[in-house]
Amino acid sequence: MTRQFIVGGNWKMNGSQATVDSLVQGLNSATLDKSVEVVVAPPALYVAKVAQTFKAGQVAGQNTYCASKGAFTGEISPEMLKDVGAQWVILGHSERRHVFGENDALVAKKVKHALAVGMQVMFCVGETLDEREANRTTEVVFQQLQAVADAIDEAEWAHVVIAYEPVWAIGTGKVATPEQAQEVHAAIRGWLSDKVSAAVSQATRIMYGGSVNAGNCKELGKKPDVDGFLVGGASLKPEFIDIINCQQ
Ligand code: PEP
């Protein structure tokens, strides 16, 4: 089964109208590996603008709520993201879980709602350093996966990409080794086979995220169960192009 390599750029809460324009222009004019699916996730305020100007791939929101509309001050719905031209949404990012206190149940509801509306979802899972050191990595990741598996149908996995992002590697410069990433990705694939289906296990893409840069992406990308990257800091720099092209 060939899974299309996918590279996402999570711009987080960075940028301005001017810097967003220049990031888009840089990617639009770059020579990118055409076999790679590219998705950028600007801050919500800039999603509409990027959706109109970005020609090198698709656009994601960084979060959405699990309702279509209503009295949810400060939130946006996946319907709104779709309305302004985004096709994707990142859900369950560790900053949402750890800075804003989102739990597995809320993340699962958000995934369910975004899928129901027709969005593609980058669903993030990953363990903290304490959890890794206590040998609880797969227990934690499987629990995060189970919450979503309980909420969605087997067919809906076709619209989900899993992003394995160890919390200790996000924004720290401390990247997982290719072997550490492969070990967890293979475990996730095994879990999908046991708990969802063999077909979903083979078809679902699993991205790695956590301090990916131009220097480490090639080796990580060679691992058989690493189907792409979710990139934070380096997606704001010209090296994002090298990461997209890492398989050439
Ligand atoms: C992320 O925010 O998803 C991420 C992986 O960040 P960074 O690449 O900066 O570690």
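This report covers the strands, the nonpolar cores and one buried serine of a predicted model.

## Basis

The model is predicted: local features need pLDDT of at least 70, side-chain atom pairs count only at pLDDT 80 or more, and totals for chains, interfaces and linings use all residues. Residues are numbered from 1 along each chain as its sequence is written, and side-chain values use heavy atoms, with hydrogens and water left out.

## Strand E5 and its partners

Strand E5 spans residues 120-125 (strands, E, are DSSP runs of at least two residues, and helices, H or I, of at least four, numbered from the N terminus). Five of the six residues in E5 are buried (under 20% relative accessible area, 1.4 Å probe, protein chains only).

E5 runs parallel to strand E4 (residues 88-91), with four bridges between them; strands pair if DSSP finds at least two bridges. Trp 88 has Gln 120 in E5 as its bridge partner. E5 is also parallel to strand E6 (residues 160-164), through five bridges. Here Val 125 stands opposite Tyr 164.

## Nonpolar cores

A nonpolar core is a set of buried Ala, Val, Leu, Ile, Met, Phe, Trp, Tyr and Cys residues joined through side-chain atoms within 4.5 Å. The largest has 62 residues, and those with the most contacts inside it include Phe 123, Ile 162 and Phe 229. Another core, of twelve residues, lies apart from it, with Ile 6 and Ala 163 among them.

## Ser 201

Ser 201 belongs to helix H9 (residues 198-203). Ser 201 counts as buried because its relative accessibility is 3%. Beyond four places in sequence, Ser 201 is in contact (heavy atoms within 4.5 Å) with Arg 189, Leu 192 and Ser 193.

How values were computed. Buried < 20%, exposed > 50% of the residue type's maximum accessible area, 1.4 Å probe, protein only.
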